[in-house]
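Please open the model in your viewer and keep the sequence panel at hand. The tour below proceeds by selection, with a short account of what is found at each stop.

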Amino acid sequence: MNIGVVSLFPEMFRAISDFGVIGRALNQKIVKLEFANPRDFAGDRHKTVDDKPFGGGPGMLMKVEPLKKACAAIREKLLCLSGPAEGNAVKTIYVSPQGARFTQQKAHELANCENLVFIAGRYEGVDERLIESVVDEEISLGDYVLSGGELPVMVIIDAIVRLLPEVLGNEESSLKESFQTGLLEGAQFTRPREIEGSCLRVPPVLLGGDHEAKRLWEIRAALIRTYERRPDLLAVRNLSSEERKLLAEYFKENASSLDN
Ligand code: 9WO
């Protein structure tokens, strides 16, 4: 996969490129990360990339021409990297609070793209004509405002790259993910078995050899946590008969304590 980023602050992306899963994927050339800085495409000797909004209002907007040129340059770079076999598809994404909400499903969808370009805005946003002319999708992480699009772009890249099939340790974890999608992860434990003078113990079933009991315990833990913290997720998910049974057991066990 080839990922291009249009940003005034490409150095910020060292936060993902130099560490962990993405760092490794880059070293192994599973992913290539390229940058274009609109500042390098500014037309004047002051390298101006911002301007006052028509209609007034506070702050500045990113000028359209340097952004468009940076997008075109990064697009060509990615097409060069991917070669003729992959076709010439490049999806261009702008991140802003006005976008469609990012989800795990969207991460899976984007993980299937060979070439992606992300535009990280600054100031109070971009000239709308950039979105009309080069942006395919506008994505939001949530209803809050940041000082720039770089951090959300890094979040989205992280969510996508960890899903790529060649990325280490994906065979088992994507299997697990596919059968419990739509539920929160239940409680998890590692060694030691007891801490604080045996006051805090790992649930005994997880220490035993009964794999079926452990499997059911994990599904149950996920269901209970989802019911307690995110009932909205349960409402839109079709529970399997096994899941319904486990949740019904939990309701029955807690019926008396719910009464009073
Ligand atoms: C700043 C601002 C200041 C005064 C009045 C209105 C204003 N709007 C903005 C603004 O939206 N700035 C954005 C900063 C412009 C695009 C890049 N920036 C951004 C992206 N902030 N937050 C995001 C973002 C992206 C995805 N998901 C959540 C937030």
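## First stop: Cys71

Select Cys71 and display its surroundings: with neighbours within four places in sequence left aside, Cys71 is in contact with Val6, Ile119 and Val134. The model on the screen is a predicted one. Cys71 belongs to helix α3, which covers residues 64–82. Its relative accessible area is 7%, so Cys71 counts as buried. Now draw a distance from Cys71 to Val6, between C-alpha atoms. The two residues are 65 apart along the chain, yet the C-alpha separation is 6.6 Å.

## The whole chain

Zoom out and colour by secondary structure. The chain contains 11 helices and 9 strands. Its radius of gyration is 24 Å, well over the 18 Å that the globule rule gives for 260 residues, so the chain is more spread out than a compact globule. Turn the C-alpha trace along its principal axes, and the spans come to about 75 × 45 × 40 Å.

Next, show the surface. About 15700 Å² of the chain is exposed, and 53% of that area is supplied by carbon and sulfur atoms. Of the 260 residues, 38% count as buried. Which contacts join distant parts of the sequence? Among contacts between residues at least 6 apart in sequence, 74% join residues at least 24 apart.

## Ala25 and helix α2

Select residues 20–27, which form helix α2, and pick out Ala25 within this helix. Is Ala25 buried or exposed? Its relative accessibility is 1%, so Ala25 counts as buried. With residues up to four places away in sequence not counted, Ala25 touches Ile30, Val31, Val161 and Val167. For a view across the model, add Thr226 to the selection. Ala25 and Thr226 are 201 residues apart in sequence, and their C-alpha atoms lie 32 Å apart in space.

## Two charged residues in helices

Move to helix α8, residues 211–229, and select Arg220 there. The relative accessible area of Arg220 is 18%, and the residue is buried; the cut-off for this class is under 20%. Which residues does Arg220 touch, not counting those up to four places away in sequence? They are Leu246, Glu249, Tyr250 and Glu253.

Then select helix α10, residues 241–253, where Glu243 is placed. Glu243 has a relative accessibility of 7% and therefore counts as buried. Apart from its neighbours within four places in sequence, Glu243 is in contact with Leu183, Ile219, Leu223, Arg237 and Asn238. A distance drawn from Glu243 to Cys80 joins residues 163 apart along the chain, and it comes to 49 Å between C-alpha atoms.

## Backbone geometry in the loops

Most residues other than glycine have a negative phi, and most peptide bonds are trans. The next three selections are departures from this.

- Select Lys47, in the loop between β2 (32–36) and β3 (50–51). Lys47 is not a glycine, and its phi is positive, near 55°. With a relative accessible area of 37%, Lys47 is partly exposed.
- Select Arg191 and Pro192, which are joined by a cis peptide bond with omega about 0°. Pro192 is located in the loop between α7 (170–179) and β8 (194–195).
- Select Glu196, in the loop between β8 and β9 (200–201). The phi of Glu196 is positive, about 55°, although the residue is not a glycine. At 60% relative accessibility, Glu196 counts as exposed.

## Last stop: the second largest pocket

Rolling a probe the size of a water molecule over the atoms shows where empty space is left. The second largest pocket holds about 450 Å³ of space. To centre the view on this pocket, select Tyr94, Val95, Ser96, Pro97 and Gln98, which are the closest to its centre of the 25 residues that line it. Then colour β5 (91–101), α5 (128–134) and β7 (137–140), the elements that each give two or more residues to the lining. Which element supplies the largest share of the lining? It is β5, with 5 residues. Finally, colour the lining by class: 12 residues are nonpolar, 9 are polar and 4 are charged.

Terms used: Residues numbered from 1 in each chain as written. Predicted model: local features only at pLDDT ≥ 70, side-chain atom pairs only at ≥ 80, totals over all residues. Heavy atoms only, no water. 1 Å grid on protein atoms, 1.4 Å probe; cavity = no way out; pocket = protein on both sides within 12 Å on 5 of 7 lines; lining within 4 Å. Points joined across faces, edges and corners; volume = space filled by probe spheres on them. Helix = DSSP H or I, 4+ residues; strand = E, 2+ residues; numbered from the N terminus. Nonpolar A, V, L, I, M, F, W, Y, C, P; charged D, E, K, R; others polar. Rg over C-alpha atoms; globule rule 2.2 N^0.38 Å. Buried < 20%, exposed > 50% of the residue type's maximum accessible area, 1.4 Å probe, protein only. Contact = heavy atoms within 4.5 Å. Areas by Shrake-Rupley, 256 points an atom, 1.4 Å probe, with all protein chains shown as cover.
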